[in-house]
Amino acid sequence: MSNEATTSPATVGAEAPHLRRVLGRWDLVLLFVVAVFNLNVVPSIAANGGVTIWLWIISLLLFFWPQGIAVIELAHRYPGEGGVYLWAKEVFGDFHGFLSGWCYWTNNMMYVPTVMLYFVGVSVFALGPGHQALADNKVFALTSSLALLAILVILNVIGLGVGKWINNLGAIGTGIAAAVLIGLGAIVYLRFGTNIIAADFHIPANPRFVLNSFGVICFGLVGLELASVMGDEIENPQEILPGAVAWGGVLSGLLYIGATLTLLIAVSKNDISVLQGIVQAVTHMAARVNALWIVAPFAVLLSFSIAGIGSAWLAGSARIPFVAGLDSYMPAWLGKVHPKYATPYAALIVHAVVSMILVIVNFSGGAGVQETFQKLLSLAVVLQLVPFIYMFGALLKLAAADDFVPGRYSKTTLLAAGVSGLITTILGIALAFFPAQQITSIASYEVWMFGGTLLFVGLAAFFFFVYGRRKAARKVVVAPVA
């Protein structure tokens with residue numbers, strides 16, 4: 001692979017830091033699979049019953065397809081490091097670009113810890129029978145989560161040339177784990193049938209819990225934009241990105257529907273754990289076909305998959321504060337690259353530290369492991385979907401321009417994708433405020449959701465309008481007089 005150094009449009013200058021082009025075509029396909037197809041969200045969705053299959057199909061058509069159109073079109077028009085940050089900035093202005101990138105980054109501060117907790121819930125099955133209860137032990141869950149996070153940070157500081165192999169191994173582990181899960185489901189179905197009936201796919205009389213799962217489904221389908229956040233580290237992005245998006249999208253959509261159906265076949269929706277549901281299903285089905293030996297190696301494979309998910313999102317989202325630091329809206333040291341490894345090490349470390357603090361705060365508040373997982377996930381959903389409002393809004397603004405010039409797609413395609421994606425995104429954000437089944441206190445949940453959303457948006461406004469302007473003013477004062 002080429003080691004050609006590149007610079008972002010935000011960093012043009014004699015002293016601009018350099019990032020290396022190390023991601024090839026199949027690196028991207030595997031990155032999309034490991035970033036988009038996250039088995040950790042499937043149990044919390046499947047726990048709401050068969051109606052979620054319809055929600056998957058609706059989301060694939062009205063959110064996922066438009067997302068692919070938006071990523072390809074915007075990456076074509078505005079190539080470079082930053083992705084959602086760069087696109088919103090170019091189309092809507094500096095503050096909107098910063099807010100888009102800020103929400104994309106801060107949501108991952110909460111999402112990455114949920115991946116770590118899920119890793120703990122799954123990995124205990126690799127230790128053999130009798131250890132599953134460790135996943136609900138706060139001390140064990142916290143210690144193990146923080147240790148894995150530290151390892152992933154170190155690997156990504158060393159560089160994407162090394163870190164990408166965690167992503168690739170995660171994608172391979174995800175594929176094999178999904179194949180085992182779905183394969184066992186098919187065997188059990190053919191040999192024993194299923195207790196699922198048509199009524200299980202109807203909308204329940206009280207749809208409150210199902211509403212939350214729609215936002216989580218939209219959240220589960222994001223990820224196609226991740227490679228463009230690392231646009232300056234892709235080999236020949238204009239040529240290989242569209243095909244990689246298509247392959248990654250198709251594979252991820254099929255895997256999501258197959259995995260959800262398998263969980264519904266194997267485990268009663270009332271018995272699905274949001275942390276251990278996948279391994280629960282495999283254990284249940286393996287017992288029915290006398291193949292319990294498969295559970296431990298399956299848990300190991302799934303653990304690799306989860307580590308890859310955490311690595312992909314940690315590496316990708318850390319590029320946002322890296323570019324923001326270079327653009328003067330955040331401390332300049334966030335834009336530093338490692339002198340030896342040429343990676344945004346400062347942004348990676350800050351991301352990890354804040355994630356650690358959020359996990360500790362939630363555990364100290366008295367919430368159980370599963371409730372902590374769900375609260376972090378729901379707030380991550382809201383913040384993650386904000387950049388997609390800008391993405392789909394950008395398609396509409398570009399298509400509505402009097403001087404519209406076709407890029408990758410026609411005006412009609414951009415309008416259709418923009419309208420569909422924007423409506424679905426806004427709906428997904430609104431429905432995330434409905435509590436999931438694991439929430440024990442609705443009041444504390446709503447305080448967490450509304451308070452957290454306002455806090456992070458308020459911090460974005462502070463850094464842009466207060467910190468950024470003060471920093472810019474200081475630069476003007478110290479600038480040499482011509």
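**Figure 1. Ser420 sits buried in this predicted model, with a relative accessible area of 16%.** That value puts Ser420 under the 20% cut-off, so the residue gets the label buried. Its home is helix α16, which runs over residues 411-431. Set aside the neighbours within four places in sequence, and Ser420 is in contact with Leu61, Leu62 and Pro66. One of those partners, Leu61, belongs to helix α3 (residues 51-77), and the next view moves over to that helix.

**Figure 2. A nonpolar patch on the surface takes in Leu61 and Leu62.** The other members are Trp54, Ile57 and Ile58, and the five residues together have about 460 Å² of accessible area. Leu61 counts as exposed, because its relative accessibility is 56%. So Leu61 touches Ser420, yet still shows up as part of this surface patch.

**Figure 3. Ser59 in helix α3 is a buried residue.** Its relative accessible area is 0%. What does Ser59 touch, once residues up to four places away in sequence are not counted? The list is Phe64, Phe214, Ile217, Cys218 and Leu221. For contrast within α3, keep Leu61 in mind: Leu61 counts as exposed, whereas Ser59 is buried.

**Figure 4. Arg77 and Glu73 meet through their side chains in a salt bridge.** The N to O distance is 2.6 Å. A search of the whole structure turns up one salt bridge, so if you're checking charge pairs, the cut-off to have in hand is a side-chain nitrogen of Lys or Arg within 4 Å of a carboxyl oxygen of Asp or Glu. Side chains of opposite charge can pair when their charged atoms come close. Both residues lie in helix α3, four residues apart, which is about one turn of the helix. Is each partner buried or exposed? Glu73 is buried, at a relative accessible area of 0%, while Arg77 counts as partly exposed at 25% relative accessibility.

**Figure 5. Phe404 occupies the loop between α15 (369-400) and α16.** Phe404 is buried, with a relative accessible area of 18%. Its contacts, not counting residues up to four places away in sequence, include Arg77, the salt-bridge partner of Glu73. The rest of the list reads Leu398, Ala399, Tyr409, Ser410, Lys411 and Leu414.

**Figure 6. Glu371 lies in helix α15 and is buried.** The relative accessible area of Glu371 is 11%. Glu371 touches Gln438, Ile439, Thr440 and Ser441, with residues up to four places away in sequence not counted. For a distance to check in your viewer, take the C-alpha atoms of Glu371 and Gln437: they are separated by 9.1 Å, although the two residues are 66 apart along the chain.

**Figure 7. Helix α5 (residues 94-123) carries a kink of about 30° at Met109.** The kink comes shortly before the proline Pro113. Even so, the end-to-end reach is close to expectation: from first C-alpha to last, the 30 residues of α5 cover 43 Å, against 44 Å expected at 1.5 Å a residue. How many residues of α5 are buried? The count is 28 of the 30, so α5 is largely enclosed by the rest of the structure.

**Figure 8. Helix α6 spans residues 138-158.** Its 21 residues reach 31 Å from the first C-alpha to the last, close to the 30 Å expected at 1.5 Å a residue. The buried positions in α6 include Ala141, Ser145, Leu148 and Leu149. Leu152, Val153, Asn156 and Val157 are buried as well.

**Figure 9. Asn290 has a positive phi of about 55°, although it is not a glycine.** Most residues other than glycine have a negative phi. Asn290 lies in the loop between α11 (277-288) and α12 (295-317). Asn290 is exposed, with a relative accessible area of 69%.

**Figure 10. Zooming out, the protein has 17 helices and two strands.** Of its 482 residues, 58% are buried. The accessible surface comes to about 18200 Å², and carbon and sulfur atoms account for 69% of that. Among contacts between residues at least 6 apart in sequence, 82% join residues at least 24 apart.

Key. Residues numbered from 1 in each chain as written. Predicted model: local features only at pLDDT ≥ 70, side-chain atom pairs only at ≥ 80, totals over all residues. Heavy atoms only, no water. Patch = residues over 30% accessible without salt bridge, like charges linked within 9 Å, V, L, I, M, F, W, Y side chains within 5 Å. Areas by Shrake-Rupley, 256 points an atom, 1.4 Å probe, with all protein chains shown as cover. Buried < 20%, exposed > 50% of the residue type's maximum accessible area, 1.4 Å probe, protein only. Expected span 1.5 Å × (residues − 1). Bend = angle between axes of the 7 residues up to and from the residue. Contact = heavy atoms within 4.5 Å.
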